[in-house]
Amino acid sequence: MDKVFVTRPLLPDLDCFVEQLSEVWRSKWLTNMGEKHNELEKKLQKVLKVPYGSLFNNGTTALLTAIKALNLPFGSEVITTPFTFAATPHCISWDNLKPVFCDIEPNTMTIDSEKIEKLITPNTSAIVGVHVYGFPCDVEKIDKIAKKYNLKVIYDGAHAFSCEINGKGIGTFGDITMFSFHATKLFNTIEGGYLSYNNPDMVRKIYNLRNFGIRSEELVEEIGINGKMNELQAVIGLLNLKLFKKEQQKRAQIKAFYDENISKIKGIRIPKMPENTTNSYQYYPIIIEDEYKISRDELYEKYKQFDIYTRKYFYPACCDYECYKNDLSVKFADLSVVNDIKNRVLCLPFYGELSKDTLHKIVGVL
Ligand code: T4K
């Protein structure tokens, strides 16, 4: 059996890619908001059910730009979750703001909306929630808190491609939502990202910030960055847009197989998607409870003996990184749920091309 990884990228047919590349070659237009870029940007608005959206060269630049676009006061505090990929708090810090780490809710593992309010100070400017593994944050409660205290809300939806809450695109909640199109994501452009937002004023602002602030040959309006997606990435995106739903269906079947077999095993908990929410099928996390015979770390090692490479997303939690632990200006709340879950969570291999044999083997090891 080949090595089995936590995920594998969705790849279009090579001949189709080459055919599309010929068009790009002929046009000699490789980047800077080319035809393919614009086509993909427009199509994504429909797929994600969002009123406005901007493509980026990766999710991290997109998130940095989202935070920048909201003009939060220099050095102000941003309440966020430490149960995420490094990019989330790093973007807050790179934008000269201070992350305040809040605990998470034990089922969805997203920021615990019940614990946000007591972390708010006169210096708080925003909340950055993460729809981790595609589980949605408690968007309604967060919205209420934000309105009450006049805070901005940004969602890191890196894992939440095409998720919906009550039929609404997940990217319509909060001020801005970021999606990642990295190779490991359900929908990928090799590297790539996207910002969605409801405010039409943001279109110009984000366009500027993504392109050095350049409006025209002789006008630079803002201090921007280079966040542009190139035409080759956009071609992959256009082709993968045709494939992602089928991939989701395959993953839905895999999830059903895992759910059925794993739910019978004592000591393993399967987190549940809240009602009225659709799944992105990005990851399949399980929680190893005390009643299970071995620890999460032992199980992770055991899998390796079978050439199965599960991942401990997200261990260590971001609050454990030296750069945050040793920074006295970074605030930590009571993080008891994070500190428990980070030692119990394991993401199993989850991608459409997993064969029946491999799936039986993965469950068999458990
Ligand atoms: N916010 C959140 C919540 C995120 O999860 C991420 C990214 C971001 C923000 C930032 O978005 P981007 O700037 O990346 O767009 C991977 C991804 O590199 C990263 O994008 C992702 N989160 C994170 C959760 O996973 P690693 O360090 O686990 O990647 P790596 O190289 O170990 O890959 C994981 C597995 O995927 C490999 O074992 C095999 C498979 N793989 C990977 C690559 C790159 C392939 O089969 N082919 C490939 O080309 O971070």
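1. Let's start with the ligand and the parts of the fold around it. Helix H3 (59–69), helix H4 (87–94) and strand E8 (176–180) each supply at least two residues of the shell around the ligand. As you look, please keep in mind that this is a predicted model.

2. Now zoom out to the domains. Residues of the ligand's shell come from both domain 1 (14–240) and domain 2 (245–365), so the ligand lies between them. If you are looking for this place among the pockets, go to the largest pocket, which is where the ligand sits.

3. Which residues come nearest to the ligand? Among the 25 residues around it, they are Thr60, Asp156, His159, Ser180 and Tyr313. Sorted by class, the shell around the ligand holds 10 nonpolar, 11 polar and four charged residues.

4. Some individual atom pairs are worth finding on your screen. The side chain of His159 has an N or O atom 2.7 Å from an oxygen atom of the ligand. For His182, a side-chain N or O atom is 3.2 Å from a ligand oxygen atom. With Gly59 you should look at the backbone instead: one of its backbone N or O atoms lies 2.9 Å from an oxygen atom of the ligand. As for cover, the ligand on its own has 910 Å² of accessible area, and the protein covers 76% of that.

5. Next, have a look at the loop between helix H9 (296–305) and helix H10 (322–325), where Phe314 is placed. Tyr313, which you met above as one of the residues that come nearest to the ligand, is joined to Phe314 by a cis peptide bond with omega of about 10 degrees. Pro316 also has its place in the loop between H9 and H10. The bond that joins Tyr315 and Pro316 is a cis peptide bond too, and here omega is about -5 degrees.

6. One last backbone detail deserves a visit. Where is Met33? Met33 is in the loop between helix H1 (14–27) and helix H2 (35–48). Its phi is near 50 degrees, a positive value in a residue other than glycine.

Notes
Residues numbered from 1 in each chain as written. Predicted model: local features only at pLDDT ≥ 70, side-chain atom pairs only at ≥ 80, totals over all residues. Heavy atoms only, no water. Near = heavy atom within 4 Å. Polar contact = N/O pair within 3.5 Å; in protein donor to acceptor, adjacent residues only side chain to side chain. Areas by Shrake-Rupley, 256 points an atom, 1.4 Å probe, with all protein chains shown as cover. 1 Å grid on protein atoms, 1.4 Å probe; cavity = no way out; pocket = protein on both sides within 12 Å on 5 of 7 lines; lining within 4 Å. Sits in = over half its atoms within 2 Å of the grid points. Helix = DSSP H or I, 4+ residues; strand = E, 2+ residues; numbered from the N terminus. Nonpolar A, V, L, I, M, F, W, Y, C, P; charged D, E, K, R; others polar. Domains from an automatic or database assignment.
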